[in-house]
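User: I've just loaded this one and would like to talk through the fold and the RNA contacts. Could you set out a term first, before we get into the details?

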Amino acid sequence: MTKIIVFKKRKDFLRVAQAFYVATHNMVLQAALSLSETDNLFVGYTATKKIGNAVCRNRSKRRLRAVAHEVLPVYALPNVDYIFIARNSTASCPYSELKKDTIYAIKRINKNFIQDTVETTTD
RNA sequence: UAUGGUGGUCGGAUAGCUGCGCUAAGAAAACUUAGUGAGGAAAGUCCGAGCGUUAUGGAAACGAGGUACCGGAUAACGUCCGGCUAGAGAAAUCUAAGGGAAAGUGCCACAGAAAGUUACCGCCAAGCAUUGCUUGGUAAGGUUGAAAAGGCGAGGUAAGAGCUCACCGCAAAGAUAGCAAUAUCCUUUGGCAAGGUAAACCCUACCUGACGCAAGACCAAAUUAGGAGAGCAGCAAAGCUGUUAAAAGGAGCGUUUCCACUCUACUCCAGAGGUAGGUCGCUUGAACCAAAUGGUGACAUUUGGUCUAGAUGAAUAGCUAUCGCUUGGAAUCUUUACUGCAAAGUAAAGCAAAUGACAAGAACAGAACUCGGCUUACAGACCACCUGCAAAA
RNA sequence: GGAGAUGUGGCAGAGCUGGUUUAAUGCACCUGACUUGAAAUCAGACGAGGGCGCAAGUCCUCCUGGGGUUCGAAUCCCUACAUCUCCG
């Protein structure tokens with residue numbers, strides 16, 4: 001049984017930011033290969049000061065957390081860490097659109113890891 | 001009665017699905033069950049306290065900063081309450097950093113004679129001289145400016161002037177009322193003090209040591225090391241060598257001085273140090289609710305009851321449905337006018353009463369050690385009390 | 001969370017011991033000269049908004065916003081907003 005664990009250290013966020021990212025209208029997704037060997041999913045959420053005041057930032061993070069909880073068990077690859085970044089419209093857009101964008105972003109970013117693993121095995 | 005004013009309350013509700021933090025119980029663990037979980041400003045960080053560190057206490061001076069009508073409330077305050085004065089308003093009511101300018105210094109551009117001991121023009125007198133010049137007197141008149149030596153009338157004078165007088169204004173003293181600021185159809189005196197600026201320096205009175213929970217206390221990986229460490233003398237320094245064992249000294253809140261006191265000073269350790277990380281600090285408190293009593297009131301006292309968030313990449317939610325609220329609104333409906341015998345039709349309005357498909361909207365904003373305030377932001381809804389102008393009845 | 005600093009034309013940046021006045025200076029922008037043309041150079045002009053005016057011109061407001069002190073505020077005081085820096 002997989003469990004969602006949230007990143008809390010700045011080091012982890014910097015590591016994932018070095019790898020791939022996909023941007024949509026309502027959110028941005030970053031992902032990188034995981035360092036841990038367990039089955040658990042590692043996830044992080046980021047909302048910068050640019051997008052608004054404290055209420056707006058907290059609300060954005062809560063919505064991203066809700067979307068991730070709904071979407072990740074279905075679409076996420078094992079041994080990949082994901083980081084969700086909030087944009088200006090994350091707190092105000094309709095929930096269905098946010099969910100659609102998230103699914104699109106995950107599918108898109110997963111292609112990188114599939115190709116990556118294929119190349120490494122061929123080498 | 002519109003409007004207006006003051007004070008206060010609220011800041012959508014219910015259900016379902018999926019989730020989060022903390023506490024308690026159970027469990028080897030995963031986890032399960034139960035309880036509980038954000039505001040009036042949690043905000044800005046503008047003041048005041050608690051609490052902590054600075055080893056400790058006291059005194060004085062200097063420096064720095066703050067407050068400023070009077071009295072009270074309070075742990076304290078720059079807050080609050082009650083009053084005074086001045087201003088705004090028709091009133092309810094609101095606004096005000098509101099001490100001192102005869103302690104001293106500075107500044108007051110341009111203009112103006114003059115911005116603080118000043119005579120340019122004018123007026124008057126005297127002298128010279130011949131229609132001007134010099135000297136003196138004068139603040140009634142003129143010009144400037146934000147600001148120019150109480151106002152007005154009469155007397156008076158060479159011309160004038162509180163020089164004198166009446167009235168008004170002002171200041172001081174007394175009386176009365178009040179704890180006081182202050183007030184007065186009160187009495188007396190002064191002839192009137194020759195501006196403004198203290199959010200310029202300053203004076204007077206009172207207050208404040210500094211830094212802040214990233215304060216601070218404790219545990220303690222990694223790493224480093226067999227040593228750590230003070231003074232004096234010699235050599236240019238590193239370093240080495242020598243010497244000293246108790247005295248002078250050194251340290252102790254912005255500065256200085258004084259008094260007391262403490263620590264250190266050559267001994268100490270088998271570990272030291274205190275980084276990553278963690279624990280505590282952390283929520284029972286000047287707490288909240290209710291009643292009674294005292295007080296005009298802020299508030300105080302007593303009695304009874306309650307336990308009510310503790311996160312740290314930071315929980316307290318995400319979504320859906322229904323209802324409620326606000327705005328717009330097809331249409332119904334109502335009213336009025338016209339046509340018509342009538343049924344009804346057409347047009348306009350929604351001021352009085354009622355329904356409403358559908359659409360849109362729902363503020364400011366998120367505890368971060370804790371309290372008391374202030375300030376600022378805020379869709380909308382409600383309650384209580386007060387005022388009574390214009391207009392209408 | 002706490003502590004501090006700064007806001008002036010399009011940009012940078014003086015003025016902050018109050019004294020008329022868009023307000024020094026540099027860059028940019030505009031016009032002219034030089035050049036076949038451009039750059040550089042030289043000379044000149046040059047903030048924005050509003051009112052009046054045919055035009056030339058002239059008047060008012062603006063130094064982050066709002067109040068206050070003062071005869072007078074970019075400057076002094078209060079308050080809000082924005083930007084930036086430091087503290088583990």
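Analyst: Two strands count as paired if DSSP finds at least two bridges between them. Please keep in mind throughout that this is a predicted model.

User: Good. How many bridges join β1 to β4, and do they run parallel or antiparallel?

Analyst: There are 3 bridges between β1 and β4, and these two strands run parallel. One point of reference is isoleucine 4, whose bridge partner in β4 is leucine 41.

User: And what joins β4 to β5?

Analyst: That pair is held in register by 4 bridges and is also described as parallel, with valine 43 standing opposite tyrosine 82 in β5.

User: Then what about β2 and β3, parallel or antiparallel?

Analyst: β2 and β3 run antiparallel and are joined by 4 bridges; they form a hairpin with 3 residues between them, and alanine 23 is found opposite valine 28 of β3.

User: So what is the strand order overall?

Analyst: The sheet is an open one of 5 strands, ordered β1-β4-β5-β3-β2, and its pairing is mixed. Its edge strands are β1 (4-6) and β2 (20-23), each of which pairs on one side only. On average, and ignoring direction, neighbouring strands of this sheet are turned by 25° against each other.

User: Where does α1 pack?

Analyst: α1 packs on the sheet, where it touches β3 (27-33), β4 and β5 (80-86), and its direction makes about 95° with that of β3. As for α2, this helix lies across β1, β3, β4 and β5 and runs at about 155° to β4.

User: Zooming out, which pattern does chain A follow along the sequence?

Analyst: Read along the sequence, the pattern of chain A is β-α-β-β-β-α-β-α, made up of 3 helices and 5 strands. Of the contacts in chain A between residues at least 6 apart in sequence, 78% join residues that are at least 24 apart.

User: New topic, the core. Which residues of the largest nonpolar core touch the most other members?

Analyst: The core has 19 residues, and those touching the most other members are Met27, Leu29, Ala31, Leu64, Tyr82 and Phe84. At least two residues each are supplied by β3, α2, β5 and α3 (95-122), and the largest share, 6 residues, comes from β5. For context, buried residues make up 25% of the 123 residues in chain A.

User: Why would such residues cluster at all?

Analyst: As a general matter, nonpolar side chains in soluble globular proteins tend to be buried together.

User: Take alanine 31, then: what is that residue in contact with?

Analyst: Leaving aside neighbours within four places in sequence, alanine 31 is in contact with Val16, Ala19, Phe20, Val80, Asp81, Tyr82 and Ile109.

User: Now the RNA. How many residues surround strand B, and which are the closest?

Analyst: RNA strand B is surrounded by 20 residues, and the closest are Arg10, Thr46, Arg62, Ala66 and Tyr95. The elements giving two or more residues to this surface are α1 (10-17), β4 (41-46) and α2 (54-75).

User: Which of those gives the most?

Analyst: α2 gives the most to the surface near RNA strand B, namely 9 residues.

User: And how does that surface divide by class?

Analyst: By class, the surface near RNA strand B comprises 8 nonpolar, 5 polar and 7 charged residues.

Terms used:
Residues numbered from 1 in each chain as written. Chains lettered and ligands numbered in written order. Predicted model: local features only at pLDDT ≥ 70, side-chain atom pairs only at ≥ 80, totals over all residues. Near = placed C-beta within 6 Å. Nonpolar A, V, L, I, M, F, W, Y, C, P; charged D, E, K, R; others polar. Axes fitted to C-alpha atoms, helices over the stretch in contact; angles between N-to-C directions. Contact = placed C-beta atoms within 7 Å. Buried ≥ 20, exposed ≤ 12 C-beta atoms within 10 Å, placed from the backbone. Core = buried A, V, L, I, M, F, W, Y, C linked by C-beta atoms within 7 Å.
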